[in-house]
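Work through the strand pairing exercises below. Each comes with a solution in steps.

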Amino acid sequence: MSIKNINRRKSLPVKVGNVIIGGDNPIVIQSMTDTNTSDIEKTTEQIIALSKAGSEVVRVTVNDSDAIKAIPFIRDRLQKAGENIPIVGDFHFNGHILLDKYRDDASYLDKFRINPGNVGKKNKKDKNFTTMIEAACELDKPVRIGVNWGSLDQELLADKLDLNNKSKKPKSLDDVMCDAVITSALESANLAESLGLKKDQIIISCKLSKVNMLIDVYKKISEMCNYALHLGLTEAGSNERGIVYSACALSPLLLNGIGDTIRVSLTTDIDGNRTKEVTVAKLILQSLGIRYFLPDVTSCPGCGRTSSDYFQKLAFDIDQHIKESMPVWKKDYPGVENLKISVMGCIVNGPGESKHADIGISLPGRGENPTAPVFIDGEKKVTLQGDNITNDFKKILFEYIENRYCLLYTSPSPRDQRGSPMPASARKKKGGGGGGGG
């Protein structure tokens, strides 16, 4: 399945820095820093790490004067590092004050995120929201109106509950909550438009932490407007819980063409890597056939038929080999991210899975002949034996990639000791760089 097979919801494209969200454009991956934004060095380092991991937009907290005054310096450091990733400022509570007082510093941001549930109460609510939207209009910045059920406009919710209590067929509390989230988002977007913000400068998000409710809200709002939609399960949790819940929440929506940009909100482990949420987001999109980032390695879980952990080590080794090689492969072999690889552990499903892959290997199980047939494009091409199967398979894999995807060089490229393609600069030094495209 590719993105062309999914009937994408028609949304207005929104330009955020050098990235376009919505319309017919690829679904964009976002992430957020967890550093103190005023710590310029740490925040810049984390933005670069998230970008290198595959995040295409990064959001930072802008909660005080030190944070907003740090933005120009962060932007300068990113540009010097060759990073042009869009930066979103996350404003809560005092955003109207910061955007009014530090407008020049705010101009270095590519988008503002405004939560209508905490911009103020009663008369101050519309006044503060207006100040923030006016800043966005003056600076020509897009805005994400991000409603979160944990910080929902309490006055709006109270009105909804009162009306529901008077109804002859009252809805459940969850249904009223969902209605309030949608109303908050759409009324805020309409107000923003009335203040001069263009419709193609508005992105909406409706964040909840219950999977079924999130799916229901986005299905409803997707039919009520054509604003670009940002998807994400808020407070998803950590590790397996956060990964599974996020995948279950986002996948049904994405497969129904709903969503223009996503974020997987994972609680970072102590001393953990913030980029994990980016990796999960990429895997969700790739598993659905919507976007491809790395060659897919299919491997079996193992069972009593497998005589050793050799296939597990090979699968892990190939997976790491691909991740390490991708920075070069992406440049020299366009389309390699679509490659399907199979590493199987015995004769039951091994040959069949290997035939379905572009290239696959079926390792011997308990009692089987100690040989490893390699299948290429559905046909058995060679049988590997001995103690060097892993390296032999890597060489075959590289040769397949070079033959299938090499567009930059007409002559075979030299390999390093691991069988990985060498960078173009290294090839030229060795005299291996040919002319023209293939």
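Two strands count as paired if DSSP finds at least two bridges between them. The model is predicted.

**Exercise 1.** Find the bridge partner of Phe375 in S15, then place S14 among its neighbours.

*Solution.*
- Start with Phe375: its partner in S15 is Lys380.
- Turn to the other neighbour. Gly360 has Phe375 as its bridge partner in S14.
- Count bridges. S14 and S15 (residues 379-384) share five and run antiparallel. S13 (residues 359-362) and S14 share three, again antiparallel.
- Check the connection. Two residues separate S14 from S15 in a hairpin, and Asp377 in the turn has a positive phi of about 50 degrees.

**Exercise 2.** Decide which way each side chain of S14 points, and whether it is buried or exposed.

*Solution.*
- Recall the rule: side chains in a regular strand alternate between the two faces of the sheet.
- Apply it. Ala372, Val374 and Ile376 point one way; Pro373 and Phe375 point the other way.
- Set the cut-off: buried means under 20% relative accessible area.
- Conclude: five of the five residues in S14 (372-376) are buried.

**Exercise 3.** Trace the closed barrel and say what packs on its strands.

*Solution.*
- List the order: S3-S4-S5-S6-S7-S8-S9-S10, eight strands with parallel pairing.
- Take one pair. S5 (residues 87-91) and S6 (residues 111-114) are parallel, with four bridges. Asp90 has Arg113 as its partner in S6.
- Add helix H1 (residues 40-53). H1 lies across S3, S4 and S5, at about 155 degrees to S4.
- Add helix H8 (residues 211-222). H8 touches S8 and S9, and its direction makes about 150 degrees with that of S8.

Terms used. Residues numbered from 1 in each chain as written. Predicted model: local features only at pLDDT ≥ 70, side-chain atom pairs only at ≥ 80, totals over all residues. Heavy atoms only, no water. Buried < 20%, exposed > 50% of the residue type's maximum accessible area, 1.4 Å probe, protein only. Contact = heavy atoms within 4.5 Å. Axes fitted to C-alpha atoms, helices over the stretch in contact; angles between N-to-C directions.
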